[in-house]
Amino acid sequence: MGIFDFMKEKGSAETQETVAYPAVLGAVSKGRFVSMDQIPDEVFSGGVLGTCCGIEPDEGKVYAPISGKISQIADTLHAVGIEVAGMELLIHVGIDTVEMNGKGFKTMVKQGQNVKKGDLLLTMDLDMINKAGHSTTVVMAVTNSDEFSAVEGIADGPVNVGDDVLRVSK
Amino acid sequence: MKQFEFTITDPLGIHARPAGQLAKTAKEYADTVITVTKEGNTAKASQLMKIMSLCVKQGDVVVVSAEGASEDAAIEAMKTFFENNM
């Protein structure tokens, strides 16, 4: 919530969302918060994709962590990019799920579309991911985190969709 | 400017993991602009999301370029990266 909210309502589809920093990103799924260092993959835990956090999901649904624009959707449907006011986010569903080649994933949004925080982005079949031997952990990474002074995990334990999980400071 | 052409052999193409590793490698050459071009679309190697947006698949041909003070070292590092990972 910020003083520019009224502009978002009036703005056309081309209007860039504005963000007041420090910005807070919401949980993309209902589940258990996983801090960056506990994500079971060194590419994520080592910050190669930027500072991130994870959610071990209870349900196979992934929601927008903030209002912004869908910058890309992987052909394999397991990863979605969101861009907002200089912040680049990658939501990566499961670990090594690129190998599933889109099976078990369904996307609700299109590239270039504006979304509101809490909009359903995609669904995933948790059983199918588990059976394929992959972790279902949903990772949210600020891929340009080196352009910010701090990106910090601010949750612990169980979280609901939209609960504050990452704080991004200029 | 230095550049080379590379045909992607990895069955999964340039997805999140290799894109992240590519960006990390490219950022080690801050004084040099490294780009990847596929079918006329160019992205800076250091920009992870832009690289992923190129949707590079197995069999695609990309041109990797480096321009700047460390272009010799950077292009060698890129060759090594693509040969080992892509």
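This is a short viewer tour of chain A and of its contact with chain B. Keep in mind as you click that the model is predicted.

**Stop 1: chain A as a cartoon.** Select chain A and colour it by secondary structure; you should find three helices and 14 strands. The radius of gyration of chain A is 15 Å, close to the 15 Å that the globule rule gives for 170 residues, so chain A is as compact as a globular protein of that length. Next, turn the C-alpha trace along its principal axes, where chain A spans about 45 × 30 × 25 Å.

**Stop 2: inside chain A.** How much of chain A is buried? Of its 170 residues, 49% count as buried. Now look at contacts in chain A with a separation of 6 or more: residues 24 or more positions apart account for 69% of them.

**Stop 3: the surface of chain A.** Switch on the surface, which has an accessible area of about 7,800 Å². Carbon and sulfur atoms hold 48% of that area. Then colour by charge to pick out 14 positive and 24 negative charges, whose mean positions lie 8 Å apart.

**Stop 4: where chain B meets chain A.** Bring chain B into view and select the contacts: 15 residues of chain B touch 20 residues of chain A. Together the two chains bury about 1,500 Å², with carbon and sulfur atoms giving 58% of that area. Which residues of chain B lose the most area to chain A? Show B:Arg17, B:Leu48 and B:Met49 as sticks; together they make up 39% of what the chain B side buries.

Key. Residues are numbered from 1 along each chain as its sequence is written. Chains are lettered from A and ligands numbered from 1 in the order in which they are written. This is a predicted model: local features need pLDDT of at least 70, side-chain atom pairs count only at pLDDT 80 or more; totals for chains, interfaces and linings use all residues. Side-chain values use heavy atoms; hydrogens and water are left out. Helices (H or I, at least four residues) and strands (E, at least two) are DSSP runs, numbered from the N terminus. The radius of gyration is taken over C-alpha atoms; the globule rule is 2.2 Å times the number of residues to the power 0.38. Buried means under 20% relative accessible area, exposed over 50%, partly exposed in between (1.4 Å probe, protein chains only). Contact means heavy atoms within 4.5 Å. Accessible areas come from the Shrake-Rupley method with a 1.4 Å probe; for residues, only the protein chains shown count as cover. Lys and Arg count as positive and Asp and Glu as negative; His and the chain ends are not counted. The place of a charge is taken as NZ of Lys, CZ of Arg, CG of Asp or CD of Glu. Buried area is the accessible area (1.4 Å probe) that two parts lose on being put together, summed over both.
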